[in-house]
Amino acid sequence: MKECNHEHSHSVRRPIADALISVVLPVFNEQDVLPQLLQAVEDSLQTAGCQYEIIFVNDGSSDKSGIILDDLAELNSRVRVVHFAKNFGHQAAVQAGLLHTTGDAIVIMDSDMQDCPKAIVDFIMHWQAGYDVVYAVRTERKENIVKRWAFQTFHKILNLISSTPIPRDAGNFGLIDCKVAIQIAQLHDRDRYFPGLRSWVGYRQIGVTVERLARYDENPRVSFIQLCRLAKTAIFSFSFLPLTIFYVIAALSAVVCIGLISFVLYHKLFTELAIPGWASTTITASFFGALNALGIGILGEYVTRIYDQVRARPMFIVGSKTNFDSPEIEAPLLAKLEKNQITKEDDALDAAENFS
């Protein structure tokens, strides 16, 4: 168990029986496990003794996931479904799920049964104890050795170069308080890496060790290439180290150039020997040409992200909603915030009028 971002004051929580916990589950082609997943999540929430709502985000599934989710929502009033117009990706689904929550705390977890639903009880206990963010530190991964090595290497590198400390082996799985969810949902990042944003907002955080389970089938929905893209997003979103590589390139170029000039002058002034330099010149030019190409590529990554940010296309488009009391409200989480602000303003006006 690991704690970070200590604060002296503890948040006051309402009794667990009165608390509403929202669970966000992005779904992409998971038709074979949805009923079992829902049952496992509900069992944990009922064990915790809280009120709850479960929000599935159908990320443009091409199988029968959407139909199954609607059927589950029809049978269970606590189940709500957000259907995307097409596949927008896992991070967009997480953002959409956050925006459609109304709970006092929100649990984010995957739908492939790798995130153990029983851990939700521990998350809620720590939240009741005053923590605003409770994240799972994943242990005993069941992936193959190559993937395990890749994940470990990525987390080590990210933690080393990131300007924001991001816990190792901490993915999306965890619980965040409503006020933290509002802060994350209001961030304008187009390329989102949820664990990094969760760390960046701060508040009182703690890690809980959770065993990483095996997938229910052998067909992961996120390919290795997509994982690499997510890793690249994390690195470029939370570190400027790639840009500082140019200083190293410049220093290396200066050293090589000074060495070559000294070599040429030495033979010109003291030995009067002809300098055979075709091969070395070609190799040197090619080497620094590759470094220049690398630098342009790194700059291109940042420029592309700036362009995407300025273009400001929506992260997702909702095609339909199922089982929401007010489906016309685009972001219930932020609507709840606005309602609270209006209530506070009205109370302040009433107090001022009574005083006068």
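# Helix packing and hollows in a predicted model

Me: Happy to look at this predicted model with you. At roughly what angle do the axes of helix α1 (residues 34-48) and helix α2 (residues 65-75) cross?
Reply: In this predicted model, the axes of α1 and α2 come within 10 Å of each other. Their crossing is right-handed. The angle between the axes is roughly 40°.

Me: Are α1 and α2 parallel, perpendicular or oblique to each other?
Reply: Angles under 35 degrees count as roughly parallel, and 65 to 115 as roughly perpendicular. The axes of α1 and α2 cross at roughly 40°. The two helices, α1 and α2, are therefore oblique.

Me: Which residues of α2 make the contact with α1, and how does that contact divide by class?
Reply: On the α1 side, the contact is made by L34, P35 and L38. By class, the contact of α1 with α2 has six nonpolar, one polar and no charged residues. From α2, the residues that take part are S65, I68, L69 and L72.

Me: Helix α1 also packs against helix α4 (residues 119-128); how far apart are their axes?
Reply: Good one to look at next! α1 passes α4 in a right-handed crossing, and the angle between the two is about 35°. The axes of α1 and α4 are 8 Å apart.

Me: Which residues of α4 does α1 meet?
Reply: α1 brings V41, S44, L45, T47 and A48 to this contact. Sorted by class, the contact of α1 with α4 holds six nonpolar, two polar and no charged residues. The partners in α4 are I120, V121 and I124.

Me: Let's move on to α3 and helix α6 (residues 178-185). Is their crossing left-handed or right-handed?
Reply: The axes of α3 and α6 come within 10 Å and cross at roughly 130°. α3 and α6 are therefore oblique to each other. As for the hand, α3 passes α6 in a crossing that is left-handed.

Me: Which residues of α6 meet α3?
Reply: From α3, the residues involved are Q95, L98 and L99. The contact of α3 with α6 divides into five nonpolar, one polar and no charged residues. On the α6 side, the residues are A181, I184 and A185.

Me: Which element gives the largest share of the lining of the largest cavity?
Reply: About 30 Å³ of space lies in this cavity, and its lining is Q91, V94, Q95, L98, I184, R192 and F194. That lining divides into four nonpolar, two polar and one charged. Four of the lining residues come from one element, and that largest share belongs to α3.

Me: How much space lies in the second largest pocket?
Reply: The second largest pocket is lined by 19 residues, and Q95, L99, P314, M315 and F316 lie nearest its centre. By class, its lining has nine nonpolar, five polar and five charged residues. The space in this pocket is about 460 Å³.

Me: Which elements give two or more residues to the lining of the second largest pocket?
Reply: Q95 and L99 are among the residues nearest the centre of this pocket, and both also belong to the contact of α3 with α6. The elements that give two or more residues to the lining are α3 (90-99) and β9 (318-322).

Methods. Residues numbered from 1 in each chain as written. Predicted model: local features only at pLDDT ≥ 70, side-chain atom pairs only at ≥ 80, totals over all residues. Heavy atoms only, no water. Axes fitted to C-alpha atoms, helices over the stretch in contact; angles between N-to-C directions. Parallel < 35°, antiparallel > 145°, perpendicular 65-115°, else oblique. Left-handed = near helix turned anticlockwise from the far one by under 90°. Contact = heavy atoms within 4.5 Å. Nonpolar A, V, L, I, M, F, W, Y, C, P; charged D, E, K, R; others polar. 1 Å grid on protein atoms, 1.4 Å probe; cavity = no way out; pocket = protein on both sides within 12 Å on 5 of 7 lines; lining within 4 Å. Points joined across faces, edges and corners; volume = space filled by probe spheres on them.
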